[in-house]
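Good morning, colleagues. Please have the sequence and the coordinates open as I speak.

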Amino acid sequence: MGIIGWIVLGLIVGAIAKAIMPGKDPGGILVTMLLGVVGAFVGGLVGNWIFGVGIDRFWSLSTWLLAIAGSVIVLGVYRVIVGRKAVQR
């Protein structure tokens, strides 16, 4: 899958991750979607490392599940880190 496919997949799964984990995000939907791109990358790495399955094809179910899982993880970590900074100020 090319870089454009990664970006499109990440933007879509970022929105899906936002729907799975509703709440107020410090950066809004745009930051959430960018975190989705990072999450898709993380999901592909983790999937390849643990299951031996990466994000190879755009229309593969495993690609979407790994990308969504990675996006939810990255969004959760982002909320924890940014949430702490907001409380300390």
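I shall go from the overall fold to the individual helices and then to a few residues. Please keep in mind throughout that this is a predicted model.

Let me begin with the overall picture. The protein contains three helices and zero strands, and from the N terminus its elements follow the order α-α-α. Of its 89 residues, 33% are buried. The accessible surface amounts to about 5,600 Å², with 74% of that area belonging to carbon and sulfur atoms. As for contacts with a separation of 6 or more, 66% are between residues 24 or more positions apart.

I turn now to the first helix. Helix α1 covers residues 3–20, and Val-8 is found in it. Is Val-8 buried or exposed? Neither label applies: its relative accessibility is 36%, and therefore Val-8 counts as partly exposed, given that this class lies between 20% and 50%. Val-8 also belongs to a nonpolar surface patch of about 440 Å², which it makes together with Ile-3, Ile-4, Ile-7 and Ile-12.

Next comes the interior. Which residues form the largest nonpolar core? There are seven of them: Trp-6, Leu-9, Val-13, Ala-40, Trp-64, Ala-67 and Ile-68. The elements that contribute two or more residues to this core are α1 and α3. One core member, Val-13, touches Ala-40, Trp-64, Ala-67 and Ile-68, and in addition Gly-36 and Ser-71, leaving aside residues up to four places away in sequence.

Ser-71 deserves a closer look. This residue is found in helix α3, and because its relative accessibility is 1%, Ser-71 counts as buried. With the same exclusion of residues up to four places away, Ser-71 touches Val-13, Gly-14, Ala-17, Gly-36, Gly-39 and Ala-40.

Several of those partners lead us to the second helix. The buried residues in α2 include Gly-36, Gly-39 and Ala-40, and also Thr-32, Leu-35, Gly-43, Gly-44 and Gly-47. The geometry of the helix can be checked as well. Helix α2 runs over residues 28–50, and its 23 residues, at 1.5 Å a residue, should span 33 Å; the C-alpha atoms at its ends are 31 Å apart, so the two values agree. Just after α2, Gly-52 adopts a positive phi of about 75°.

Gly-28 has its place in helix α2. With a relative accessibility of 27%, Gly-28 counts as partly exposed. The C-alpha atoms of Gly-28 and Lys-18 are separated by 9.8 Å, and the two residues are 10 residues apart along the chain.

Lys-18 brings me to my last residue, Arg-79. Helix α3, residues 61–88, holds Arg-79. Which residues does Arg-79 touch, not counting residues up to four places away in sequence? They are Lys-18, Met-21, Pro-22, Gly-23 and Asp-25. Arg-79 and Gly-27 are 52 residues apart along the chain, while their C-alpha atoms are separated by 9.8 Å.

To close, I would return to two points. The predicted model has three helices, and its largest nonpolar core has seven residues. Thank you for your attention.

Terms used. Residues numbered from 1 in each chain as written. Predicted model: local features only at pLDDT ≥ 70, side-chain atom pairs only at ≥ 80, totals over all residues. Heavy atoms only, no water. Patch = residues over 30% accessible without salt bridge, like charges linked within 9 Å, V, L, I, M, F, W, Y side chains within 5 Å. Areas by Shrake-Rupley, 256 points an atom, 1.4 Å probe, with all protein chains shown as cover. Salt bridge = Lys/Arg side-chain N within 4 Å of Asp/Glu carboxyl O. Helix = DSSP H or I, 4+ residues; strand = E, 2+ residues; numbered from the N terminus. Buried < 20%, exposed > 50% of the residue type's maximum accessible area, 1.4 Å probe, protein only. Contact = heavy atoms within 4.5 Å. Expected span 1.5 Å × (residues − 1). Core = buried A, V, L, I, M, F, W, Y, C linked by side-chain atoms within 4.5 Å.
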